[in-house]
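Here are my notes for you, with the coordinates to hand. I have kept them as short numbered points that you can follow on screen.

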Amino acid sequence: MVTSKHSYTPKRYLTLWLYALHMTNPYRLPTSVTPHRYELEIWPDLFGTTFEGSVAIEVVMTEALSEIVLHAVDLDIQRAWVVLDHDETNNRVPATAVLDPELERVTLSLAETLPAGAATLHLRFTGTFNEQLVGLYQSRFSIDEDDGSSTEHTLAVTQFESTHARRCFPCFDEPAFKATFAITLTVPQDLLAVSNSAEVLREELDGGLARITFADTMVMSTYLVAFVIGPLQATPTRMVEGMNGPIPLRVIYPPGSDHLCEFALEVAEAGLKFFENYYGIPYPGDKVDLVAVPDFAFGAMENLGCITFREVLLLVDPNEATQPELHNVCDVINHELAHMWFGDLVTMEWWNGIWLNEAFATFMEVSATDAFRPDWKVWTSFGLARAAAFDTDALHSTRPIEFEVVSPAEAEAMFDILTYQKGASVVRMLEQYLGSEVFRTGITGYLEQHAYGMTETADLWDALEAASGEPVRRIMESWIFRGGHPLVTVENTATGLRLSQERFSYQADSLESSSSAESSSAEAEPWPTPMVISTKTAADGATTEHRLLLEHAVELDLGGPAAVVQANPGGNGFFRVNLSESLRTSLATDPTATSIEFFVLLDDTWAGFLANRVSAEELEGLLRVLCISESDPAVWRRISSVLSELHRLGGEGRATHNRELIQELCDQSLKRVESFLGTPQQDKDEDHGRAEELRGVLFSLLGGLGEDEELRLSARQLWQLDSIDASLRSAAIEVLAMSATAQEHAQLTQAWRDSTTPQDELRFLSALIDTNDPELFAQVLDLARTEVRTQNAPYLLRRAISHRHLGEQGWEFVRSHFLELTERFPSSSLPRMLEGIRSITSRSQAQQVAQFLDDNSIPSGELVLKQHRERMWVNVEAAERVRS
């Protein structure tokens, strides 16, 4: 596909390309049969390992057929037949089912050739609950009884995105095959059952069972079908004022968590109102249930009306959680609600377009959270996610945001940082360039035009182009069909500024891949880069704004050299900026610059350091300037991560220097914030809350890497106090974990087991693996194989591999148990576990890791793993430079 600025793929050619891809892709179904309505009934055995089901699928056949192909995997098809709609005798045409496990399809060979027209497919089937948290699976939780015993309970839960509905029932499991779904569940009477739409009928059956029927859904894709069954409880229904009348809203939760639901209800109510107002379109479902699931491989899932979540991202006590934890809950709820329109109502035609669903929902989550809590300054915090996307996109092994998807494994691999964070950053850049109201008008037009239908990415660009008059398609296709991003170099001239761009990369030549002539040619092509530049010709002078679409080098006439240049105001552009040291310093001391702009300046400088464009001395100089006056917690988190990585790269030879640098930068800032917090205040306003958050960041950094003995002693006293704010308590736990004695580590272990909130459970689990004692470290590693939930264990091992002192021990554990871990953990989480190798700084260890990964593959995430390996070598080379 051509992606240069002069030539892009016109929509008619793109459509033909997609059609040709469909016809040649063995994983795609024929289009000669299209579904319109499913009647699905499931009988799960929650106390066993199996389920039974039946499905009647109303279809239209566009030609005479002797066989029908649909999706099914891990199912036993017991009976299948077809009834023609025009057959008044209701004559059944028997069918023989032949499963193809490799292509995850079932072929129904018909006893006779059927004419074109409407028909209903009938299938009876059985299946086994999936053990990797996809399809239909079991989730378990325990409740402590009054007598001290513990009772285990079981749920049946679905997770169908991307291609796992076929593991629960035979279906046309592609996004484009939209249909309505009438779902019926037969379950024990004392259990709660929820699905996509409202319950309309409950019939009591013999044997203590109930047959529950739900209303027909709107037209939607199979990956959005959902149901959850188990001994759960529901909050009282909250009726949210909506455009078409009240919207019923509930939180569904395990018993004992009712006190953790109110915050989610507040966020969701505000979110529903925000999105109806933004889109100008009523909520498309008949109710909203937010369901907390104890075992969940992903963060959350946007099933229409039945949104499923990890407990930690839904259930929270605002009085015990840190602000970032509340922020995460808010973001995830808003992300999934945004999908109700962008993804559920309007859906991508195939998985290559999933990036737009997720990128737009990520962009909208930040917008909605910003409206809900403007005091959180969430666009500054978004810089952390944006920085992580930059980090991967600076690799030779990055990928285009949108690329060809063929198999289910490739569809699953689309759910990565480039889809979410880079995609959202590019969408944000476009919104700021077009103007927020023009952008919003285009979005509403797109949703109205394609409601209940399917789209290709170009359909959105066309809608925005119609609303704005700007060449949106040309701009955006240059960004989404090509990996990487530009480095914009800003240079002073005698009369103003010269701007030029090149591709930014950490390494001139990748150690993990070779570059072809074609890729080199693509790298030479410029990006059409929307920019808004602010300049001053004197440090205390007036600011002038310049808007341009940078492609080739340009010069701006300012009447003289610039004193201050902000080339990426608000951090809205997805590009790096290369400033001279003098321009960097003038920007760092500019009193009109915002926290997000300081964040971007530091992030760009750190990237320049990794790419060997900026020296360690220049980086440390910038840190000293920023730390004097900056008080935004998000900026300090980036400062903390830079100092942490500098500490890692420097090794033992620079440990004393780096420790003293941390003490120098943090000590006075901590004293200032403690002085502020010690001042009597009538009301704890937003400044007080942000000051508490900042104190937590500084306490953790200074007491941890800074090895401040006074703070380490304080941590031992503070971590069990309920009277202190959540940020300080969390920091005290982090600091204690690094130097905990065996007795203290045992206390932390018990605190993890006794956690009363999902946030505390993860907080203490992370603390356990931060120990510097090899024996205690080994004990925690073993917990990953036994006691830690499979949804959390891969992330625990990622943290273990990246441990500053015991990382080699963590890697050896993963290497020696690799087969066991890959069989036990959800396949989607394995690339996340191996992300820990990015932190390796030893060349010999990196070589061992590379050899092991050459010899051992994982089910999905091949490209992500390649990116981890290349980033590992970036770290190794940077460490060798620093240590030399």
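1. Into which domains is the protein divided, and where do their bounds lie? This is a predicted model, and its division runs as follows: domain 1 (34-230), domain 2 (232-321), domain 3 (345-482), domain 4 (484-507 + 528-627), domain 5 (630-676 + 687-738) and domain 6 (742-883). Domains 4 and 5 are each given as two segments.

2. On the overall fold, you will find 28 helices and 29 strands. The radius of gyration is 28 Å, close to the 29 Å that the globule rule gives for 884 residues, so the protein is as compact as a globular protein of that length. Along the principal axes, the C-alpha trace spans about 90 × 70 × 60 Å.

3. Now to packing and surface. Of the 884 residues, 61% are buried. Among contacts with a separation of 6 or more, 71% are between residues 24 or more positions apart. The exposed area is about 33,300 Å², of which carbon and sulfur atoms supply 47%.

4. The charges deserve a glance too: the protein carries 68 positive and 130 negative ones. Even so, the mean positions of the two sets are 4 Å apart.

5. Please look at how domain 1 and domain 3 meet. Their centres, taken over C-alpha atoms, are separated by 32 Å. Contact between them involves 14 residues of domain 1 and 17 residues of domain 3.

6. Helix α10 (residues 472-480) is mostly covered, with eight of its nine residues buried. The buried set includes charged residues, Arg 473 and Glu 477, alongside Val 472, Ile 475, Met 476, Ser 478, Trp 479 and Ile 480.

7. Two loop residues other than glycine have positive phi values and are worth viewing together. Leu 133, with phi near 65°, sits in the loop between β7 (117-128) and β8 (135-144). Tyr 452, with phi near 70°, belongs to the loop between α8 (436-450) and β22 (454-455). Is each of them buried or partly exposed? Leu 133 counts as buried because its relative accessibility is 5%, under the 20% cut-off, while Tyr 452 is partly exposed at 44%.

8. Do check the peptide bond between Glu 161 and Ser 162: it is cis, with omega about 5°. Ser 162 lies in the loop between β9 (150-159) and β10 (180-188).

9. Lastly, Thr 31 is found in the loop between α1 (11-24) and β1 (33-44). Thr 31 is partly exposed, at 40% relative accessible area. Val 69 is 38 residues from Thr 31 in sequence, and their C-alpha atoms are 9.7 Å apart.

Notes
Residues are numbered from 1 along each chain as its sequence is written. This is a predicted model: local features need pLDDT of at least 70, side-chain atom pairs count only at pLDDT 80 or more; totals for chains, interfaces and linings use all residues. Side-chain values use heavy atoms; hydrogens and water are left out. Helices (H or I, at least four residues) and strands (E, at least two) are DSSP runs, numbered from the N terminus. The radius of gyration is taken over C-alpha atoms; the globule rule is 2.2 Å times the number of residues to the power 0.38. Buried means under 20% relative accessible area, exposed over 50%, partly exposed in between (1.4 Å probe, protein chains only). Contact means heavy atoms within 4.5 Å. Accessible areas come from the Shrake-Rupley method with a 1.4 Å probe; for residues, only the protein chains shown count as cover. Lys and Arg count as positive and Asp and Glu as negative; His and the chain ends are not counted. The place of a charge is taken as NZ of Lys, CZ of Arg, CG of Asp or CD of Glu. Domain bounds come from an automatic or database domain assignment.
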